[in-house]
Amino acid sequence: MTRDKNILGQRPRRVTAQTVADRAGVSRSAVSRAFTKGAYLDAEKRRKILSVAAEIGYQPNALAAGLKGGNSHLVAIFVGDLRNPYDTAFVSQLVGALNAIKKWPLLIDGNDARAATALEEVLRYPLDALILRGGSLSGEIVDQCARYGIPMISSGRPITAPGVDTVCCRNAQGARMGTELLLGRGRRRIGYLGGPPELYSSCERRAGVMAALEAADLVAVAEATGDYTVDGGHVAARALLQGTEEIDALVCANDAMAIGALSAARDLGRQVPGDLAVIGFDDIDMAKWQSFDLTTVRNPIDAAVTEILRLLEARLDDPGKADEMVFVDPVVKPRGTH
């Protein structure tokens, strides 16, 4: 009969510490001490408990330990919009780095109301920390996280709030450096393809482009916005290039849109870099592909992830430490499209 229930998909009951205690003929507290590093327990009794636990498939409940005031090792990451290849690469490296220090991420995708609701649900768990990555969060959620006393790190958007540390690229500086590279090559009729205006990175990168043009007594000859995706960049760049034929350079707010712009230029018979230079921002893996060979500005993932882990460990060691705002430096990567 039991076999039939298992076939029908009835979930087996979780093996508990009490089950181990009964099977090993010891107290429930002895089982707890057997799995607690440094706790005193007779060596033979510990061996017996661990042997029984391995036999019946018991593991201590980490969530229960977290609820009792210990570390759950759970870290929630608000990942933003993973359609952007840079965000996907960033989150992948961040997850790997967290795993290496025995932290287990819970990922929340998107930047709409549904994602905000999911975040509120995740806050019911005993989180060690919360990382806000990309997109935007309401001030109410930030305040809610602060009230719970959860260590927070904002990656990619400065947030000034008690107990919140920030890691961010110098977006405006990077965009200005990229634009100055084009100006140094004699480009004067420069257009700009920006990202969603509500995103901090998009606003900062636009500011950097416009500052470089102003310093050269120039203005952008055309401007459009896309959605930080390859397809969105293709559509926006094609419309922009068709509407303003005198453009001799196009600064794109990220690499995905720049790759879409290269496709649009090819569709329209514009030679890159002969009569049109294209530059991106981020330095995703695709930018290095021979078929694109995209000149871009590197938004360094390694440096940002290293700083996130440093801030996380420092905050966990000292929850009352002063807030930190860290900026990582962009690097221009000249390739074949400028």
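Q: At what angle do helix H2 and helix H4 pack, and how far apart are their axes?
A: Two packed helices are described by the angle between their axes and the distance between the axes. In this predicted model, helix H2 (residues 17-24) and helix H4 (residues 43-56) pack at an angle of about 120°, and their axes lie 9 Å apart.

Q: Which term describes the orientation of H2 and H4 to each other?
A: Angles from 65 to 115 degrees count as roughly perpendicular and those over 145 as roughly antiparallel. H2 and H4 are therefore oblique to each other. Their crossing is right-handed.

Q: Which residues of H2 and H4 meet?
A: From H2, the residues are Thr 19, Val 20, Arg 23 and Ala 24. From H4, they are Lys 48, Ile 49, Val 52, Ala 53, Glu 55 and Ile 56. The residues of this contact comprise six nonpolar, one polar and three charged.

Q: How is the pair H11 and H12 arranged in terms of angle and distance between axes?
A: The same two descriptors apply, the angle between the axes and the distance between them. Helix H11 (residues 230-243) packs against helix H12 (residues 255-267) at an angle of about 45°, with the axes 7 Å apart. H11 and H12 are therefore oblique to each other, and their crossing is right-handed. On the H11 side, the contact is made by Val 230, Gly 233, His 234, Ala 237, Arg 238 and Leu 241. On the H12 side, the contact residues include Ala 256, Met 257, Ile 259, Gly 260 and Asp 267. By class, the contact residues of H11 and H12 are nine nonpolar, four polar and two charged.

Q: In what order do the four strands of the open sheet stand, and is their pairing parallel or antiparallel?
A: An open sheet is read from edge to edge. Here the order is S7-S6-S8-S9, and the pairing is parallel. Strand S7 (222-225) and strand S9 (277-279) are the edge strands, each with a single partner strand, so one side of each has no neighbour in the sheet. On average, neighbouring strands of this sheet are turned by 15° against each other, direction ignored.

Q: How many bridges join S6 to S7, and which residue in S7 stands opposite Tyr 192?
A: Strand S6 (residues 190-194) is joined to S7 by four bridges, and the two strands run parallel. Opposite Tyr 192 stands Glu 223 in S7.

Q: Which strands of the sheet does H11 touch?
A: H11 packs on the sheet and touches S6, S7 and strand S8 (249-252). The direction of H11 makes about 155° with that of S7.

Note on methods:
Residues are numbered from 1 along each chain as its sequence is written. This is a predicted model: local features need pLDDT of at least 70, side-chain atom pairs count only at pLDDT 80 or more; totals for chains, interfaces and linings use all residues. Side-chain values use heavy atoms; hydrogens and water are left out. Axes are lines fitted to C-alpha atoms, for helices over the stretch in contact, and angles run from 0 to 180 degrees between N-to-C directions. Angles under 35 degrees count as roughly parallel, over 145 as roughly antiparallel, 65 to 115 as roughly perpendicular and the rest as oblique. A crossing is left-handed if the near helix is turned anticlockwise from the far one by less than a right angle, and right-handed if clockwise. Contact means heavy atoms within 4.5 Å. Ala, Val, Leu, Ile, Met, Phe, Trp, Tyr, Cys and Pro count as nonpolar, Asp, Glu, Lys and Arg as charged, and the others, Gly among them, as polar. Two strands pair if DSSP finds at least two bridges between them.
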